[in-house]
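Thanks for making time this morning. I would like to take you through one chain, beginning with a single residue and working outwards from there.

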Amino acid sequence: PQPRGGHEQQPEAGRARAQAPVGVLGVELGQRTIDIVDATTGEVHACQLFVAALGASSLTYAEATFTQTLPDWIGSHTRAFGFYGGVPAMVVSDNLKSGITKACFYEPGVNRAYAEMAVHYDTAIVPARPRKPRDKAKVEVAVQVTTRWIIAKLRNIRFFSLVELNAAIRDCVTALNDRVSRHLGASRRAP
């Protein structure tokens, strides 16, 4: 159906558009942390592991962030969208305090800045129901797998910057996504 007036509607100026929607994306911060050592002071900073997984293929994205604050949370989403080459139709989010203001079954509250990010990228934020891990089962498994494949592999390596840590994580994520599954005979990247 064509809009009234016979003109195609143009997207708003400055609004991001995905080239191809990638379905449902589950996002969560893992429980385990990875340490970064400040080279000048020797102070150790615990970094959070942000994990995203596509619903159909389980294609996984992971990166380390300094905190669980809203700027880090939204920045991780933005980089995940870039990794996937598009924006999903729906983001199933963990009930992180900085992103979800009210975890409720019927009327969940989404932080204003997080909701504005969703509008900007033309996607929907759907918080998982409290204490219902099946709502985001793919990302729960992805967190388990990244804990085994990334945190376990990197736990004895000393990192001095977030850039250095994320480069090592990127290599691990590439190996994880390229690995051929025994029961499917294909990798997470396979169409």
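**Starting from Tyr 61**

Leaving aside residues up to four places away in sequence, Tyr 61 touches Phe 50, Val 51, Ala 52, Ser 76, Arg 79, Ala 80, Phe 83, Tyr 84 and Val 173. Please keep in mind throughout that this is a predicted model, and that what I quote is computed from it. Tyr 61 itself sits in strand β3, and its relative accessibility is 9%, which is under the 20% cut-off, so Tyr 61 counts as buried. One of its contacts deserves a distance: the C-alpha atoms of Tyr 61 and Ala 80 are 6.4 Å apart, although 19 residues separate the two along the chain. There is also a polar contact, at 2.4 Å, between the side chain of Tyr 61 and the side chain of Glu 63.

Let me step back to the whole chain. Four helices and seven strands make up its elements, and from the N terminus on they follow the order β-β-β-α-β-β-β-α-β-α-α. Of the 191 residues, 40% are buried. If we take the contacts between residues at least 6 apart in sequence, 61% of them join residues that are at least 24 apart.

Now to the strands at the start of that order. β1 and β2 run antiparallel and are joined by ten bridges, with Thr 33 standing opposite Gln 48 in β2. These two strands form a hairpin with six residues between them, and in the turn Gly 42 has a positive phi of about 80 degrees. β2 then pairs with β3, again antiparallel, through six bridges, and here Ala 53 has Thr 60 in β3 as its bridge partner. This second hairpin has five residues between its strands, and the residue with a positive phi in its turn is Ser 58, at about 65 degrees. As for burial, β2 is mostly covered, since eight of its eleven residues are buried.

What packs against the buried residues of α4? The answer is β1 (24-37), β2 (44-54), β3 (60-65), α1 (70-84) and α3 (137-154). The helix itself covers residues 162-178, and because each residue should add 1.5 Å, its 17 residues should span 24 Å, which agrees with the 24 Å between its end C-alpha atoms. Its buried residues are Leu 165, Asn 166, Ala 168, Ile 169, Cys 172, Val 173, Leu 176 and Asn 177. Viewed down the axis of α4, these residues fall within an arc of 170 degrees, so they line one face of the helix. The face turned away from that buried side carries the exposed residues Val 163, Arg 170 and Asp 171. Val 173, one of the buried residues of α4, is also among the residues that Tyr 61 touches, which brings us back to where we started.

A last point concerns the cysteines. Are Cys 47 and Cys 172 buried or exposed? Cys 47 has 0% relative accessibility and therefore counts as buried, and Cys 172, at 5%, counts as buried too. A disulfide is a covalent bond between the sulfur atoms of two cysteines. How many disulfides does the structure hold? The number is zero.

Methods: Residues are numbered from 1 along each chain as its sequence is written. This is a predicted model: local features need pLDDT of at least 70, side-chain atom pairs count only at pLDDT 80 or more; totals for chains, interfaces and linings use all residues. Side-chain values use heavy atoms; hydrogens and water are left out. The expected span of a helix is 1.5 Å times one less than its number of residues. Buried means under 20% relative accessible area, exposed over 50%, partly exposed in between (1.4 Å probe, protein chains only). The arc is that of the directions from the helix axis to the C-beta atoms. Contact means heavy atoms within 4.5 Å. A polar contact is a pair of N or O atoms within 3.5 Å; within protein, one must be able to donate a hydrogen and the other to accept it, and residues adjacent in sequence count only if both atoms are side-chain atoms. A disulfide is a pair of cysteine sulfur atoms within 2.5 Å. Two strands pair if DSSP finds at least two bridges between them.
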